[in-house]
Amino acid sequence: MKKGQFVVIEGLEGAGKTTAVATVKDWLVAQGHTVVQTREPGGTALAEQIRTLVKAVQQEQMAPETELLLMYAARVQLLSQVIRPALERGDWVLGDRHDLSSRAYQGGGRQLDEALINKIRSAVLGDTRPDFTIYLDIDPALGLARAKARGELDRIELEQLAFFQRTRAKYLQIAQQEPNISVIDASQPLVQVQQAIRRALTEHFK
Ligand code: TMP
């Protein structure tokens, strides 16, 4: 039985997820929770190999469906090895990305059929869902400029701006339609982003 809570940080490249994860972690630890951090794709030895595979720039083009299935393969592995056991122990899980990324990137960016994605989701995710998601919203042009400044771009980061615009639109659409997703403007100065994150957590878990 699930005793802990599952919190997820989402956003485009360059939105500031890493800093946000640290802010959320500090807040959760201050509340007395034991926090298990994850990232997707990845977070187990096998899932990290899938991460390497999906990020690598290769000569052979990866079919969008292959990409989708690899994301879910990595996710199922992480769910079974790390997320579910942690929640059952009563730990809190803090995820750098989860299912919403696939819905936004593969559904929005790659324009894969939503019915296909939903079939896969319901077939493999079971009933484990995030309790709260923070989506850091950023204009992709700004986010990609930040990502570029960090170094070399991976296979997905090399996509055209329009890909990220569709991904952002899908994030915003889902955030508007579904409960338990808080949208934070990630173009604000860092201190304000951090304040907004703490406010959202306090409101949700008060
Ligand atoms: P990042 O989290 O370090 O930015 O790298 C993960 C990359 O993989 C990022 O470009 C988003 C992408 N991604 C998907 O396209 N679908 C997914 O389901 C997940 C988890 C990530």
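At 57% relative accessibility, Asp 26 counts as exposed, and its place is in helix H1, residues 17-30. That's one end of this briefing on a predicted model; the other end is a ligand that sits in the largest pocket. In between come a buried glutamate with two side-chain partners, a cis peptide bond, a couple of positive phi values and some residue pairs worth a look in the viewer.

**The ligand and its shell**

- Start with the pocket: the ligand is found in the largest one. Helices H2 (45-55), H3 (64-89) and H4 (99-109) are the elements that each give two or more residues to the shell around it.
- Which element gives the largest share of that shell? It's H4, with four residues.
- There are 14 residues around the ligand, and the ones that come nearest are Glu 13, Arg 51, Arg 97, Ser 102 and Gln 106.
- Sorted by class, the shell holds seven charged residues, four nonpolar ones and three polar ones.

**Polar atoms facing the ligand**

- Ser 102 has a polar side-chain atom 2.5 Å from an oxygen atom of the ligand.
- For Arg 97, an N or O atom of the side chain is 2.7 Å from a ligand oxygen.
- With Gln 106 the ligand partner is a nitrogen atom, and a polar side-chain atom of Gln 106 lies 2.8 Å from it.
- How much of the ligand does the protein cover? On its own the ligand has 480 Å² of accessible area, and the protein covers 93% of that.

**Arg 97 up close**

- Arg 97, already met as a ligand neighbour, lies in the loop between strand S3 (92-96) and H4.
- Is Arg 97 buried or exposed? It counts as buried because its relative accessibility is 11%, and the cut-off for buried is under 20%.
- The backbone is worth a glance too: phi of Arg 97 is near 80°, a positive value in a residue other than glycine.
- Most residues other than glycine have a negative phi.

**Glu 40 and the cis bond**

- Glu 40 is placed in the loop between strand S2 (35-39) and H2. With a relative accessible area of just 5%, Glu 40 is buried.
- Which side chains does the Glu 40 side chain contact? One is Arg 75, through a polar contact of 2.6 Å. Another is His 98, where the polar contact between the side chains is 2.5 Å.
- Step along the backbone and the peptide bond from Glu 40 to Pro 41 turns out to be cis, with omega near -10°. Pro 41 also lies in the loop between S2 and H2.
- Most peptide bonds are trans.

**A buried aspartate in S4**

- Asp 137 belongs to strand S4, residues 132-137. It counts as buried, since its relative accessibility is 13% and the buried class runs under 20%.
- Its side chain makes a polar contact of 2.9 Å with the side chain of Arg 168.

**Gln 111, on the exposed side**

- Look for Gln 111 in the loop between H4 and helix H5 (114-124). It is exposed, at a relative accessible area of 57%.
- Like Arg 97, Gln 111 has a positive phi in a residue other than glycine, here near 60°.

**Sequence distance versus space**

- Back to Asp 26 in H1: its C-alpha is 9.7 Å from that of Arg 198, though the two are 172 residues apart in sequence.
- Arg 146, in helix H6 (residues 140-150), pairs up in a similar way with Ala 15: they are 131 residues apart in sequence and 8.2 Å apart in space, C-alpha to C-alpha. Arg 146 counts as partly exposed, at 32% relative accessibility.
- How far apart in space are the C-alpha atoms of Gln 176 and Gly 151? They are separated by 33 Å, with their positions 25 residues apart along the chain.
- Gln 176 itself is found in helix H7, residues 161-177, and counts as exposed at 74% relative accessibility.

Terms used. Residues numbered from 1 in each chain as written. Predicted model: local features only at pLDDT ≥ 70, side-chain atom pairs only at ≥ 80, totals over all residues. Heavy atoms only, no water. Near = heavy atom within 4 Å. Polar contact = N/O pair within 3.5 Å; in protein donor to acceptor, adjacent residues only side chain to side chain. Areas by Shrake-Rupley, 256 points an atom, 1.4 Å probe, with all protein chains shown as cover. 1 Å grid on protein atoms, 1.4 Å probe; cavity = no way out; pocket = protein on both sides within 12 Å on 5 of 7 lines; lining within 4 Å. Sits in = over half its atoms within 2 Å of the grid points. Nonpolar A, V, L, I, M, F, W, Y, C, P; charged D, E, K, R; others polar. Buried < 20%, exposed > 50% of the residue type's maximum accessible area, 1.4 Å probe, protein only.
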